[in-house]
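Could you open the model in your viewer and keep the selection tool at hand? We will go from stop to stop together.

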Amino acid sequence: METNENLIEVLNDLIRINNDRVDGYEKALSEVEDIDVDLRGIFQKMANESRENINELSTEIRNLGGEVATGTTTSGKIYRVWMDIKATFTGHDRTSVLESCEYGEDAAQEAYDDALATDADLPVDIRQMIANQKAELLESHNLIKKYRDLHQAVN
């Protein structure tokens with residue numbers, strides 16, 4: 001039973017970081033101008049990506065007899081407050097929003113790295129699901145970084 005509890009906790013940590021991503025991208029959507037159609041589409045896609053991850057992770061937790069986490073991480077709350085403070089000083093420009101999103105993507109990658117390195121017994125199918133989600137999130141991270149770099153080069 002302890003094995004399941006440890007595994008459930010690992011999966012719930014990933015749910016929390018994905019909840020952070022959803023909240024972060026919803027916040028980012030409110031920060032960008034309506035004219036930033038490209039960013040709005042990307043941010044919506046990334047929030048939906050995390051919603052799909054949450055559904056997959058929740059299914060596994062229920063199959064293990066666990067209770068699905070509903071909150072966010074403490075660091076995610078700190079991240080959103082940091083995003084609010086940064087916006088106060090720098091405005092709601094594309095570069096600031098992209099930098100904040102990249103910071104959040106770095107945190108997501110770290111959470112997935114931690115999950116894959118856990119001492120908990122990860123069955124092969126769950127390890128593969130986590131690795132697949134991490135790979136998708138890495139693509140999102142790289143896209144955000146590319147947009148940020150391009151925008152900095154133009155300005």
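Helices here are DSSP runs of at least four residues (H or I), numbered from the N terminus. With that in mind, please note that this is a predicted model, and then let us begin.

**Stop 1: a pair within one helix**

Select Arg-16 and Asp-13. They form a salt bridge, and their closest N and O atoms are 2.8 Å apart. Both sit in helix H1, three residues apart, which means that about one helical turn separates them. Now show the surface: Arg-16 is partly exposed, at 22% relative accessibility, and Asp-13 is also partly exposed, with a relative accessible area of 37%.

**Stop 2: a buried asparagine**

Stay in helix H1, which covers residues 2-31, and select Asn-18. Is Asn-18 buried or exposed? Its relative accessible area is 0%, so Asn-18 is buried, given that buried means under 20%. Next, show what surrounds this residue. Leaving aside residues up to four places away in sequence, Asn-18 touches Ser-50, Asn-53, Ile-54, Leu-57, Tyr-112 and Gln-133.

**Stop 3: from H1 across to H2**

Select Arg-21 and Glu-49 next. Their side chains meet in a salt bridge, with 3.1 Å from N to O. Arg-21 belongs to helix H1 and Glu-49 to helix H2 (residues 37-63), so this pair ties together parts that are 28 residues apart in sequence. Arg-21 counts as buried at 5% relative accessibility, and Glu-49 counts as buried at 9%.

**Stop 4: H2 beside H4**

Colour H2 and H4 and look along them. Their axes are 12 Å apart and pack at an angle of about 20°, so the two helices are roughly parallel to each other. The crossing of H2 past H4 is left-handed. To see where they meet, select Asp-38, Leu-39, Phe-43, Met-46, Asn-53 and Leu-57 on the H2 side, and Arg-94, Val-97, Leu-98, Cys-101, Glu-105 and Tyr-112 on the H4 side. Sorted by class, this contact holds eight nonpolar residues, one polar and three charged. Asn-53, Leu-57 and Tyr-112 may look familiar, as they are among the residues that Asn-18 touches.

**Stop 5: H4 against H5**

Keep helix H4 (residues 94-116) and add helix H5 (residues 124-154): their axes come within 9 Å and cross at roughly 160°. Which way do H4 and H5 run relative to each other, parallel or antiparallel? They are roughly antiparallel, because angles over 145 degrees count as such. H4 passes H5 in a left-handed crossing. The residues of this contact comprise 12 nonpolar, seven polar and 10 charged ones.

**Stop 6: charged pairs on H4 and H5**

Select Lys-134 and Asp-113, which form a salt bridge with the closest N and O atoms 3.2 Å apart. Lys-134 lies in helix H5 and Asp-113 in helix H4, so the pair ties together parts that are 21 residues apart in sequence. Check the accessibility of each partner: Lys-134 counts as buried at 17%, whereas Asp-113 counts as partly exposed at 39%.

For the last selection, pick Glu-102, Lys-145, Arg-148 and Asp-149, which are linked in a network of salt bridges. If you would like to keep exploring, a search of the whole structure finds nine salt bridges, among them the Arg-16 and Asp-13 pair where we began.

Key:
Residues numbered from 1 in each chain as written. Predicted model: local features only at pLDDT ≥ 70, side-chain atom pairs only at ≥ 80, totals over all residues. Heavy atoms only, no water. Axes fitted to C-alpha atoms, helices over the stretch in contact; angles between N-to-C directions. Parallel < 35°, antiparallel > 145°, perpendicular 65-115°, else oblique. Left-handed = near helix turned anticlockwise from the far one by under 90°. Nonpolar A, V, L, I, M, F, W, Y, C, P; charged D, E, K, R; others polar. Buried < 20%, exposed > 50% of the residue type's maximum accessible area, 1.4 Å probe, protein only. Contact = heavy atoms within 4.5 Å. Salt bridge = Lys/Arg side-chain N within 4 Å of Asp/Glu carboxyl O.
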